[in-house]
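Reader: I should like to learn how to read burial and backbone phi values in a model of this kind. Might we work through some cases together?

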Amino acid sequence: MDATNWTRLDAELARALDLDGEERAAHLASLDPDLRAEIERMLEAALADDPLLDHPEGAVASLGEEDAASGVNEGHRVGPYEIEEMVGEGGMGRVYRARRADGAYDKTVAVKVVRRSLTLAGSDVAARLRRERELLAALDHPGIARLVDGGETSDGVPYLVTEFIEGEPVTDYADARGLGVRERVRLVSDVALAVDHAHRRFVVHRDLKPSNVLVSAQDDGTPRPVVLDFGIAKLVDASDEASGAFPLTQTGMRLLTPAYAAPELYDPGKTVTTAVDVYGLGALLYELLTGRRPHGDGAATGPPTAEPTRPSRIVTETAGEGPLADASTRSRALRGDLDTICLKALHPDPARRYASAADLADDLARYLDGRPVEARPDSLAYVAGRFARRNRGIVAAAAVAVLALTVGLGSALVSLSNEREAFAEATASADRAGEAARLLRDLFGEATPEAAAGRGDVTIREALDRGLDRIGTVEPASLRGYLLTVLGSTYLDIGDFERGDSLLLAAAELLKGEDVAPSVRALNLEGLAYNRGFRGDHRGALPLVLRADSLARLETRIDSSLAFEIALTASATYRGLQQPGEALEWAETAERLVRASAGPTDRGRALTSLARAQYYNEQYDEAIDTSIESVAYYEAAEGKSGPSLALAMSQTAHHLLAVGRLEDAIPYSRRAVAIARDVYGPDHHERFLAMGLLGQLLQTSGETAEAEAYLDSTVTIAQALPSAQTATGMSMAVSLAQMRKDRGDYRGTERAGRIALRIREQLPPEATRLGELDAMARLLTGVALHKQGRPGARALLNEAFDVMDTFEPELLAAWREDPFIGEAERALRSLGGRT
């Protein structure tokens with residue numbers, strides 16, 4: 001049996017072990033016949049009588065100092081713990097109430113003895129659990145059943161000891177006492193804070209469900225929800241990967257409960273992250289509020305691929321079955337914020353859920369306090385506030401003015417007046433300005449609530465797509481070219497770089513006439529230059545942006561907002577061309593243009609550009625100070641979670657790393673990721689960049705498990721996102737391949753390496769660092785193929801060394817100091833050497 005088939009078999013066995021009765025039968029019935037027959041054979045062996053777990057009256061006594069004939073009665077022990085009675089049983093083993101019997105202390109505890117049959121998973125299970133015991137001992141929270149002790153029986157069977165919780169499953173507790181909506185929400189909020197405590201110590205539970213959350217009464221009568229079974233959790237810890245311990249979750253040995261399991265837990269190849277527990281918390285909340293599980297029992301249908309029915313709707317479909325009041329009352333209580341919170345936590349895409357359990361707890365607290373919640377549907381009204389992040393002078397003035405009309409902003413008339421003045425000045429035609437404004441208003445009018453009636457929420461992208469057809473009939477051609485420039489620039493702003501570039505190119509052809517104002521042509525060229533630079537073609541961007549600057553200067557009165565955009569793009573272009581002096585000059589020009597009169601957003605953008613230029617000029621302390629100043633401006637403009645703030649936070653983290661302040665850098669990067677997850681969709685390049693940087697920072701800090709999780713998510717995004725097909729995207733795929741190689745996962749190394757090479761095919765030859773990334777991607781993929789005994793290794797390794805032959809001598813010498821290069825050379829020699 002090959003490794004792939006064994007991984008699937010391993011995963012399906014684990015899933016079957018965690019189910020009982022009808023659920024297990026339904027799951028087995030969903031498998032193909034050959035796989036089902038193999039699973040049934042292994043189940044028979046796994047569930048056969050075990051001398052320790054199935055006949056404890058003999059086996060437990062043999063482990064202690066008491067008479068073997070007295071069964072599991074008081075006085076018989078597992079290690080130093082007296083067994084009192086069995087209180088639970090599951091796929092992992094059995095749980096006993098016990099007391100410490102050696103005089104160290106007198107306290108009731110729970111002893112979980114692991115099934116011996118779990119040795120099917122491999123010989124390192126005991127070692128793995130020992131490591132888990134050591135790290136889980138650091139969990140100290142009133143909402144978590146504290147790990148007390150652990151060990152192995154004389155037969156080598158592991159056991160874990162936790163505090164004993166006298167309580168009821170959270171759903172039973174709430175139903176028995178007739179708790180209302182607010183009391184149920186408060187219970188989940190408390191559980192979320194406990195889970196967040198574990199996450200901050202790199203522990204993921206993976207199996208949150210009502211039976212693993214018991215509620216007991218505190219001395220003052222208030223409920224205390226406690227999370228159980230962290231003892232079989234997934235550790236997101238760097239040392240696990242290097243220790244050689246058996247990685248239960250990464251080989252498919254995932255013990256999950258289908259009705260509460262996040263979709264990614266069904267895929268043994270997926271890295272487990274804290275997002276699985278956010279999903280589990282959402283499932284708890286959903287069941288407490290509706291009396292129903294989000295997707296039924298989940299036993300035979302496999303992983304959920306869509307959001308569940310809204311809680312406010314499901315209670316009307318199951319009248320009389322829920323735990324609360326009549327259907328209409330329940331529906332009103334759940335409609336709105338609680339619907340949105342539940343669906344965000346239960347989103348099939350991990351990246352669309354809450355960034356952390358703490359964020360979910362915070363939103364639940366907002367609901368309880370009567371404050372607006374952070375979760376919301378991605379409608380036009382929501383994204384309008386962050387629509388024109390890159391304010392492109394007169395283009396953004398027009399778009400924002402019209403958009404303000406559609407969403408009812410109080411300053412709409414003033415903005416429209418400003419837009420008309422800017423457009424009239426640019427085109428020297430008040431009539432054309434009015435026509436453009438009317439067309440733009442019609443375009444964005446597609447997304448007003450009235451126009452969208454019956455069609456659900458309309459996004460910015462949908463409004464833009466529908467408006468494109470209208471522009472084809474606009475006359476004269478110069479006005480059509482201007483409007484295409486507006487739309488092309490806007491597509492760039494929302495991350496659709498392919499569509500934006502094609503529209504800008506089409507507009508450029510229409511703007512060649514003599515009647516076109518120089519500033520309009522400059523605007524078009526600046527947009528093209530920006531996109532070329534973003535894709536890594538800085539040489540192609542340079543003549544475009546310099547021509548834009550020349551055209552802008554032909555105007556009698558230079559538009560300062562257009563000059564500002566040109567200066568920013570010019571600075572970025574020179575950075576890409578590794579000409580730091582020129583980059584700094586243009587960044588300083590941009591900062592001067594907005595220093596006195598611009599709002600905080602453009603001040604923040606200017607400082608962001610200046611900080612980058614300072615960094616490239618090795619002015620690291622100045623770059624850090626400037627980046628931190630940009631953060632303050634963005635916070636003034638956007639609050640604590642604006643889109644531009646994510647970029648500024650990431651940049652600050654990057655600059656802190658340059659001076660060795662890694663511990664200071666990571667919190668900035670984590671905040672950037674949290675903001676990006678909240679304000680951007682899953683297919684936005686800013687989110688991709690923020691997550692990738694955090695992954696690389698964590699990799700540098702040695703937190704490899706969490707780093708790999710972020711890089712894996714980032715590379716997954718990169719494969720589907722055109723704007724991520726850049727040298728940056730390639731570098732993230734290479735980083736992921738390196739991490740997988742370091743822990744001996746050569747199949748994973750090959751996959752990441754091939755992704756990097758596919759991105760390479762999309763890049764222009766001038767892309768920054770392309771040679772180094774190209775060589776490393778080929779080396780990693782080639783070595784991975786060699787280790788697996790698969791064809792193609794020699795060709796890739798030969799190509800890699802051919803690329804290295806083009807390196808400057810100093811760079812080549814530095815590379816040859818890396819032991820991995822020696823490993824690759826030995827692999828190539830074993831395959832016959834260079835051709």
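Author: Let us begin with a definition: a residue is called buried when its relative accessible area is under 20%, and exposed when that area is over 50%. The model before us is predicted.

Reader: Which residues of helix 29 are buried?

Author: They are His685, Glu686, Arg687, Phe688, Ala690, Met691, Gly692, Leu693, Leu694, Gly695, Leu697 and Leu698. With 12 of its 17 residues buried, helix 29 is mostly covered.

Reader: What does helix 29 reach from its first C-alpha to its last?

Author: Helix 29 spans residues 685–701 and reaches 24 Å, close to the 24 Å expected at 1.5 Å a residue. Gly702 follows the helix, with a positive phi near 90°.

Reader: How should the sign of phi be read in residues other than glycine?

Author: In general, most residues other than glycine have a negative phi. Arg206 has a positive value, near 80°. Arg206 lies in the loop between strand 8 (203–204) and strand 9 (213–217). A second case is Glu618, which is not a glycine and yet has a positive phi of about 60°. Glu618 sits in the loop between helix 25 (600–616) and helix 26 (620–638).

Reader: Does Arg206 count as buried or exposed?

Author: Arg206 counts as buried because its relative accessibility is 8%, and the cut-off for burial is under 20%.

Reader: And does Glu618 count as buried or exposed?

Author: Glu618 has 58% relative accessibility and therefore counts as exposed.

How values were computed
Residues are numbered from 1 along each chain as its sequence is written. This is a predicted model: local features need pLDDT of at least 70, side-chain atom pairs count only at pLDDT 80 or more; totals for chains, interfaces and linings use all residues. Side-chain values use heavy atoms; hydrogens and water are left out. Helices (H or I, at least four residues) and strands (E, at least two) are DSSP runs, numbered from the N terminus. The expected span of a helix is 1.5 Å times one less than its number of residues. Buried means under 20% relative accessible area, exposed over 50%, partly exposed in between (1.4 Å probe, protein chains only).
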